[in-house]
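Okay everyone, thanks for making time. Let's get the structure up on the screen and walk through a few places in it.

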Amino acid sequence: MPTSPSDHPNRPEAGERAVSEVYDLAVVGAGPAGLAAAVTAAGLGLRCALLDAGPRPGGQYYRHPAPGLGAVHPERLHHGWAAFAALSSRLKVHTAAGRITYLTGHQVWTAERGEIWRLHATLGPEVGAHAVVRARTVLLATGAYERQLPFPGWTLPGVVTAGGAQAMLKSGLVLPGRRVVVAGSGPLLLAAASSLVSAGATVPAVVEATSYLHYAKGLPTLAANPAKLAEGAGHGATLLRHGVRLRRSSAVVEAHGTERVTAVTVARLDRDWRPVPGSERRIACDALAVGHGLLPQIELATELGARTRETPDGSVALAVDSGMRTSLAGLWAAGETCGVGGADLALAEGELAARVIAGRPVPPALRARRERRRAFAELMAAAHRPGPAWTEWLRPDTDVCRCEEVPAARIREAVEELGAGDARTVKLLTRAGMGWCQGRMCGPAVACLSGDDRPRADSRPLACPVPLAQLAGPEPS
Amino acid sequence: MHRTPAELVGARPEAAYTIEFDGREVPALPGQSIAAALWAQDILAWRTTRVGGRPRGAFCGIGVCFDCLATVNGRANQRTCLLPAQPGDTVTTQEGHGRADLAV
């Protein structure tokens, strides 16, 4: 079965392409990985469709203000803006030349496999606002979303995700408060805190659950990634300049307030992330930005049975080979979908995947860069893997599922008294994970509380909400 | 030292316009989401939950968590972190599922 353009050495000429409307490559996601893949593939002669749910390219990492906000220096809220500016201008050139069809506002909700793949996208709530894009190959670059671990008070207004604070700041030029505690685990915390203080917020503390000592186990990997170290050092210097204190081996174990957050309690943690009794101290704030790393967004592939792997931080990513091929013929993946590792890695993997899809050789330097960054990502993931005793932050009445308002006590009852042993059974008994977000916010917590220590991909037949009228109506041509 | 996000990026926005939130006039800049316009006025909650009636607003900021739902121009369950504010939009705090009109 021919599954990639490399199997079609005599690709049709321009005139025929217009008639067929079958793209050589459809890229899902216009973040770092997807952008790099699309412009590389287009440069190698493939006719590409680039689909993205957002209105502008860049994904979450390169999120930036709409033109109406008139930001003269958007790069001041970004690391590596030059790389994005270069990709953006290549995208413009390829789009103008008809080599890339850039489809904004297209959220893909399912993919159908075949010799010709069919991607179904929703464009909005109106009946006719849907599209089907056909392509011989597909590259999944759908990125990631943040992992949350619940604690008392985490549903209060003013408690936001660290990535959410970043996103609202980068795109809307707004802050959730004036005095923002940043907490959780992972490198995003330093980036978020650095952005927040640069934009005028006071950050009384950055609270990181790990000790950072785990990084020392990977000295050769660190030494091979000086750019990543420089990035971390850059954030560190900004925080130092603003007098921001980094509290390691600590966590926010409660957010206080009634209508909005007014303070948090920070406790020291042991190596299993168990709060150390007597170590609690209260910090006044009017917002909390919290997150515990990122989770690959991979349901479009896992619904089709693509093979996955467990990453060192306990999340589930797509398994790919050295050419970024998934286990499904014709489906490639790049960036966070293959295991969270940041924008540099995503750029390298997007370019690498595009070259393989186009049947071109991969330059050894590109492969080496990808491997160095991937090794760094695995080291980072291992260092920030949540400790098993985080569940001791919970009180019986702490909502674990935000959508369905299911408290910890009901989940524990399902496990201890009703015999549920996995997240799916807990969901059926309690509705935890059954709400609007489809378990994206509570999934890891529910899996952990159910005693299911084997991370698996969540099942989501529809990757996003789709109006019934679009499902029921005739398929768009 | 930059005191605001707009100063940091040297923003020269086009003229602000007005949206309405629960009967109150709120300025919005072109290109801002509804959630961003509300945050700019220190408004953090615009929904009450179905079970506990608790206040909620934007949480993930990227359209994943659905906590920021509100009723916009009469249409319930709109993700305000994704929806650009348009001149004259009417945003109403959404109570519960926002479908009280369908109750029997």
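Let's start with a salt bridge: the side chains of A:E254 and A:R395 meet with 3.1 Å from N to O. By salt bridge I mean a side-chain nitrogen of Lys or Arg within 4 Å of a carboxyl oxygen of Asp or Glu. This pair links distant parts of the chain, 141 residues apart, with A:E254 in strand 12 (residues 250-257) of chain A and A:R395 in the loop between helix 10 and strand 20 (399-401) of chain A. Helices here are DSSP runs of H or I with at least four residues, strands are runs of E with at least two, and both are numbered from the N terminus.

Before I go further, this is a predicted model, so local features need pLDDT of at least 70 and side-chain atom pairs count only at pLDDT 80 or more, while totals for chains, interfaces and linings use all residues. Residues are numbered from 1 along each chain as its sequence is written, chains are lettered from A and ligands numbered from 1 in the order in which they are written, and side-chain values use heavy atoms, with hydrogens and water left out.

Back to A:R395, which counts as partly exposed because its relative accessibility is 38%. The cut-offs are under 20% relative accessible area for buried, over 50% for exposed, and partly exposed in between, with a 1.4 Å probe and protein chains only.

Next, look at A:E378 and A:R309, another salt bridge, where the closest N and O atoms are 3.0 Å apart. Here the link runs from helix 10 of chain A, where A:E378 sits, to A:R309 in strand 17 (residues 308-310) of chain A, 69 residues apart. A:E378 is partly exposed at 25%, and A:R309 is partly exposed at 26%.

Strand 17 of chain A also holds A:E310, which pairs with A:R385 in the loop between helix 10 and strand 20 of chain A, 75 residues apart. The closest N and O atoms of that salt bridge are 3.4 Å apart. A:E310 comes out partly exposed at 41%, and so does A:R385 at 38%. There's a network too: salt bridges that share partners join A:E299, A:R440, A:D458 and A:R460. And how many salt bridges does a search of the whole structure find? The total is 26 over all chains.

Now, helix 10 of chain A again, this time as a packing partner. Two packed helices are described by the angle between their axes and the distance between the axes. Helix 9 (residues 343-357) and helix 10 (residues 364-383) of chain A pack at about 140 degrees, axes 9 Å apart. That makes helix 9 of chain A oblique to helix 10 of chain A. On the wording, under 35 degrees is roughly parallel, over 145 roughly antiparallel, 65 to 115 roughly perpendicular and the rest oblique. The axes are lines fitted to C-alpha atoms, over the stretch in contact, and the angles run from 0 to 180 degrees between N-to-C directions.

What kinds of residue make up that contact? There are 5 nonpolar, no polar and 9 charged residues. Contact means heavy atoms within 4.5 Å. As for the classes, Ala, Val, Leu, Ile, Met, Phe, Trp, Tyr, Cys and Pro count as nonpolar, Asp, Glu, Lys and Arg as charged, and the others, Gly among them, as polar.

Over to helix 5 (residues 188-198) of chain A: 10 of its 11 residues are buried, so this helix is largely enclosed by the rest of the structure. Among the buried ones are A:L189, A:L190 and A:V197. Helix 5 of chain A packs on helix 7 (residues 226-241) of chain A at about 45 degrees, again with axes 9 Å apart. So helix 5 of chain A is oblique to helix 7 of chain A. On the helix 7 side, the residues met are A:H235, A:T238 and A:L239. This contact divides into 5 nonpolar, 4 polar and no charged residues.

Just after helix 5 of chain A comes A:G200, with a positive phi near 110 degrees. A:G200 is one of the contacts of A:R178, and so is B:R3, leaving aside neighbours within four places in sequence.

Last stop, chain B: its secondary structure comes to 2 helices and 8 strands, and 48% of its 104 residues are buried.
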